[in-house]
Amino acid sequence: MNEGFRPHNVAISRVVVEEEPVLPVARLRDSSAARTGCPFHDVRHMLRDVGLRPTRQRLALGWLLFAKGDRHVSAEILHEEAIKARFPVSLATVYNTLHQFTEVGLLRELAVDGSKTYFDTNPSDHHHFFLEGENNLVDIPSAAVEVERIPEPPEGFEVARIDVVVRLRPKRRS
C-alpha cells in the first residue's frame with residue numbers, strides 16, 4: 001500500500017501523555033501536530049478546541065493573528081490587516097474577537113501606558129520589553145526575570161499572573 005494513502009475506513013489513534021497541557025495555539029504552530037495543511041481548517045479546529053464557534057469573523061481574524069507566529073498586535077493593527085486582506089470587519093468586531101480569544105486563553109492582553117492595549121499571540125508566562133517611541137513589544141523569557149516578593153492578595157483573591165514590562169529607549173548621547 002502506498003505510504004501516503006490511507007483508506008477512509010481505517011481508524012488511526014495515538015495516545016500521548018503530556019506533562020503540561022499544550023495550548024491550542026502551540027498545537028497550531030507545532031509542525032508535528034496533526035494539521036490539515038489549510039490554515040482556516042487549522043484555526044477552525046483550534047477554536048473548537050477552546051469552545052468557540054468558528055464564525056467567519058473568528059476564522060479570518062484568527063488566521064491573521066496566528067499565521068505569522070508570535071507577535072503583539074493592537075486592535076487597530078489587526079483591523080488594518082483585515083481591511084488590507086479584503087476582509088471588511090468593524091473595529092468593534094475586532095475588539096470583541098480579541099477579548100473572546102483572550103477569555104479562552106488563546107491570547108494574552110497587555111495594557112501599556114494605560115491607554116494602549118496589545119494582544120500577545122503567545123499566552124505562555126513571559127515578560128516584555130516595551131520600546132518607547134516605536135510602540136513595540138519584545139518578549140523576555142520568564143526565567144530572565146525574578147520577582148522576589150509578591151504582596152499578599154486581599155481576602156478572596158489570588159494572583160492570576162505577574163506581567164513585567166521593562167521600558168526601553170535609545171541611549172542618550174553624552
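1. In this predicted model, the hairpin of β2 and β3 has three residues between its strands, and Asp113 takes a positive phi near 65° there. The two strands run antiparallel, and five bridges join β2 to β3 (residues 116-120). Two of the facing positions can be named: Leu110 has Tyr118 in β3 as its bridge partner, and Ala111 stands opposite Thr117 in β3.

2. The side chains of β2 (residues 108-112) alternate along the strand. Arg108, Leu110 and Val112 point to one face and are buried. Glu109 and Ala111 point to the other face and are not buried. Leu110, the partner of Tyr118, thus belongs to the buried set, whereas Ala111, opposite Thr117, does not.

3. The hairpin strands belong to an open sheet of three strands, ordered β1-β3-β2, with antiparallel pairing. Because β1 (72-73) and β2 each have a single partner strand, they stand at the edges, and one side of each is left without a neighbour in the sheet.

4. An open sheet of three strands also occurs in the order β5-β4-β6, with mixed pairing. Its edge strands are β5 and β6, each of which pairs on one side only. Direction ignored, neighbouring strands of this sheet are turned by 30° against each other on average. Strand β4 (residues 126-131) and β6 run parallel, joined by four bridges. Leu131 stands opposite Leu168 in β6.

5. The loop between β3 and β4 contains Asn122. Is Asn122 buried or exposed? Asn122 counts as buried because its relative accessibility is 14%, and the cut-off for buried is under 20%. The side chain of Asn122 makes a polar contact with the side chain of Ser124, at 2.6 Å.

6. The structure holds six salt bridges. One of them pairs Arg71 with Glu81, with the closest N and O atoms 2.7 Å apart. This pair links distant parts of the chain, 10 residues apart: Arg71 lies in the loop between α3 (56-66) and β1, and Glu81 in helix α4 (residues 75-84). Both Arg71 and Glu81 are buried.

7. A salt bridge also joins the side chains of Glu80 and Lys84 (3.5 Å, N to O). Both residues lie in helix α4, four residues apart, which is about one turn of the helix. With a relative accessible area of 46%, Glu80 is partly exposed, while Lys84 counts as exposed at 65% relative accessibility.

8. Arg167 and Glu132 form a salt bridge in which the closest N and O atoms are 3.9 Å apart. Arg167 lies in strand β6 and Glu132 in the loop between β4 and β5, so the pair ties together parts that are 35 residues apart in sequence. Arg167 counts as partly exposed at 39% relative accessibility, and Glu132 counts as partly exposed at 34%. Elsewhere, salt bridges that share partners join Lys68, Arg71 and Glu81 into one network.

9. Which residues form a nonpolar patch on the surface? They are Val147, Ile150, Val159 and Ile162, with about 300 Å² of accessible area together. Val147 is in the loop between β5 (136-141) and β6 (165-168). At 41% relative accessibility, Val147 counts as partly exposed.

Key:
Residues numbered from 1 in each chain as written. Predicted model: local features only at pLDDT ≥ 70, side-chain atom pairs only at ≥ 80, totals over all residues. Heavy atoms only, no water. Patch = residues over 30% accessible without salt bridge, like charges linked within 9 Å, V, L, I, M, F, W, Y side chains within 5 Å. Areas by Shrake-Rupley, 256 points an atom, 1.4 Å probe, with all protein chains shown as cover. Salt bridge = Lys/Arg side-chain N within 4 Å of Asp/Glu carboxyl O. Buried < 20%, exposed > 50% of the residue type's maximum accessible area, 1.4 Å probe, protein only. Pairing = 2+ DSSP bridges. Axes fitted to C-alpha atoms, helices over the stretch in contact; angles between N-to-C directions. Polar contact = N/O pair within 3.5 Å; in protein donor to acceptor, adjacent residues only side chain to side chain.
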